[in-house]
Amino acid sequence: MVQAALEEQIVYSRPESFTAVQTHYCPGCTHGTAHRLVAEVIDEMEIREKTVGVASVGCSVFAYNYFNMDFVQAPHGRAPAMATGVKRVLPDRFVFTYQGDGDLASIGMGEIVAAAARGENITVIFINNANYGMTGGQMAPTTLPGQQTSSSPNGRDVEVMGFPIRTAELLSTLDGASYVVRRSLHDPKNIRMAKKAIRMAFETQKQGLGFSMVELLSVCPTNWGMTPYQANQWVQSAMVPYYPLNDFKVHPALANFRV
Amino acid sequence: MTKEMLKGNVAIAEAAVRAGLNAYFGYPITPQTELLEYLSARMPELGRAFVQAESELGAVNMVYGAACTGARVLSSSSSPGISLMMEGISYIYGTEIPVVLVDVMRGGPGLGNIAPAQADYNQIVHGGGHGDMHPIVLAPANVQEAIDITYNAFDLAEKYRTIVVILADGSLGQIMEPAELPEMKPLLMRQPDWATYGAEGRPKRFLSSINIDPAKHEIFNIRMEQRWQKIIANEIRFKEYYLDDAKYAVVAFGTSGRIALSAVRSARAKGIPVGLFRPVSLAPFPEQALYELSKRLEGLLVVEMNNGQMLEDVIKITRHQTPIDFYARTGGIVPMPEEIEAAILRMVEEPVNTTEHPRDRWLARLSQELIGGS
Ligand SMILES: Cc1ncc(C[n+]2csc(CCOP(=O)(O)OP(=O)(O)O)c2C)c(N)n1
Ligand code: SF4
């Protein structure tokens, strides 16, 4: 008896929007996860050739090596301004920034607030890992009260160092912002929800509704001094309570859109 | 075409529009604001991009992003705003992106005041931010020259993939005088082979100023320095007035050059053989021409609206071929033609002591006049 050849079915492959190179991210870092989700969304929307990405300064400074699309790379914190420049001369292209929490919520707070307030029709992927990854784990605006970092060795003392910034909540108060949500990357269920949110953000841009941002709680096992497993646990137990996973602003025109 | 009465700031703006400006990004600051205000109406009327940015940091990075697509992009500001743009200027240079910037200088340091000055010479001509860099710097002295320089600045920036700074001052920005505007060039959406506008049907591109490998960055710096040598060879501009038979010369740029010309004319009327050498390109500086000139002079007077920033370059360039004297007003004070004429007469009648720095004599005299005491 001749056995029928088994038919192969591809269920998982590298997105076209992702370049076939090894990244420089530490083992267990969720920057790679976030990249992958963005690449999948861009593939699914078939907009790779119409997208210009804006990399920032931080561990993701080399994002342009990993995304298979046109990219520019901004000075520290200035990605929303650079994205504004690209979008204003090319309004039919998709423009997104990819920024860390030091980049976006500290040195770049002016640029992000102004871009959101203008209702700039761009999408922002915001990685909140509660510290400055690239420079070796210093305190960020998102560092939790009491959290030890290389520049708050005794833990963040809010009396001296102030309080963390809940960026998504803050930006959601602006009328120019149309889609502002927070998701997390610490387990498969949350990763799936993060992907849906990224899709919604790009759909917001596609419909010309204005500013969209997805804040992603992300791990930095290297600077947190944890294993990847512990780091994901810590997101769940320490970060999520402080940074609730929520939709803070969803434009009514998006209400009926289902991913 | 006919001449019309045009204000410097507006003339520069309209010249940029006619050169095919795709986008403008700026932030209000006196004495440059009319440029932004004019374009806030003009650009949308033509269906082109205009954004009043949140700051000069925002403006320069919008310029950076827009110019990365290959578009013709302009921003303008005045001294304190230009200081804030330095970060972006360095990044733009490090990414080899053509951009045109206008600096309508005012009195500094600090918030200073809104009166005309030329004290950004060092920060632009020798600066433009961190790293080895050379923006092209052009200094017009009247509205017509500002129009002509602006109209050609985009071609120049694109030719060398570099930054062109139009270095004006509050006086030129605010003055109204008859001038002729060039014809409107067709608006193009340029897609040069380095630009990032969406990788449709071609491999992706990226634009960044990062070169994490020092060996590669050294090669980049050397390549940019070679490009600068080409710019020196091709783009030096200066104006000479009454120099053929001159025994003395004034060196001055922009508004002080314009005022010095009046002083030179009245000194000539008194029989003094003096002329004017006015650098138009401050970077690249007309070094060779000035050096050759200095060899046949009996004295040279540098006039500026700062404490002697170009003076240091002139001393270096002329290599003691001729005695150098210096006259300046600073902090937003514009020298009167009579003051410069008096300085010309002094140079002729009381030859300078070449062992002291030209600034010493000027400082002693101005200190006495303005502050008193010893
Ligand atoms: C103007 C300026 N200041 C400081 C730095 C140094 N620097 C590089 S990355 C970085 C922090 C980035 O942290 P974050 O945005 O949180 O991103 P992460 O590395 O955690 O992904 C800093 C301070 C810089 N490159 N430029
Ligand atoms: S330092 Fe932290 S954020 Fe950066 S790659 Fe490593 S784990 Fe990721």
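Three salt bridges cross the interface of chain A and chain B. The model behind this count is predicted. One of the bridges pairs A:R118 with B:E54, whose closest N and O atoms are 2.9 Å apart. The two chains also share 15 residue pairs in polar contact, with both partners at pLDDT 80 or more.

Which elements of chain A give two or more residues to the side that touches chain B? They are β1 (51-55), α2 (63-66), β2 (70-73), α3 (79-89) and α5 (109-117). The largest share, 7 residues, comes from α3(A).

The contact takes 33 residues from chain A and 37 residues from chain B. Three residues of chain A lose the most area to chain B: A:E49, A:D70 and A:V89. Together they account for 22% of what that side buries.

Chain B has an interface of its own. Its domain assignment gives domain 1 (4-234) and domain 2 (238-371). The centres of these two domains, taken over C-alpha atoms, are 29 Å apart. In the contact, 33 residues of domain 1 meet 24 residues of domain 2.

Here are the two interfaces, one per row.

| Interface | Buried area | Carbon and sulfur share | Salt bridges | Polar contact pairs |
|---|---|---|---|---|
| Chain A and chain B | about 2,700 Å² | 60% | 3 | 15 |
| Domain 1 and domain 2 of chain B | about 2,100 Å² | 52% | 3 | 18 |

Between the domains, one salt bridge joins B:E145 to B:K239, with 3.2 Å between the closest N and O atoms. On the domain 1 side, α5 (121-125), β6 (136-138), α6, β7 (163-169), α7 (170-174) and α8 (214-234) of chain B each supply at least two residues that touch domain 2. B:Q118, B:Y121 and B:A141 supply 33% of the area that domain 1 buries against domain 2. No other three residues supply more.

Now for the nonpolar cores. The largest has 153 residues. B:L39, B:L74, B:V250 and B:I344 have the most contacts inside this core. Its largest share, 10 residues, comes from helix α6 (residues 143-160) of chain B. Why does this core lie between domain 1 and domain 2 of chain B? Both domains give residues to it, so it lies between them.

B:V250 shows the packing at one point. Leaving out residues up to four places away in sequence, B:V250 touches B:A260, B:V264, B:V274, B:G275, B:L276, B:F277, B:L301, B:V303 and B:I344. A second, separate core has 38 residues, including A:A34, A:A55, A:Y66 and A:L254.

Notes:
Residues numbered from 1 in each chain as written. Chains lettered and ligands numbered in written order. Predicted model: local features only at pLDDT ≥ 70, side-chain atom pairs only at ≥ 80, totals over all residues. Heavy atoms only, no water. Core = buried A, V, L, I, M, F, W, Y, C linked by side-chain atoms within 4.5 Å. Buried < 20%, exposed > 50% of the residue type's maximum accessible area, 1.4 Å probe, protein only. Helix = DSSP H or I, 4+ residues; strand = E, 2+ residues; numbered from the N terminus. Domains from an automatic or database assignment. Contact = heavy atoms within 4.5 Å. Buried area = accessible area lost by both parts, 1.4 Å probe. Salt bridge = Lys/Arg side-chain N within 4 Å of Asp/Glu carboxyl O. Polar contact = N/O pair within 3.5 Å; in protein donor to acceptor, adjacent residues only side chain to side chain.
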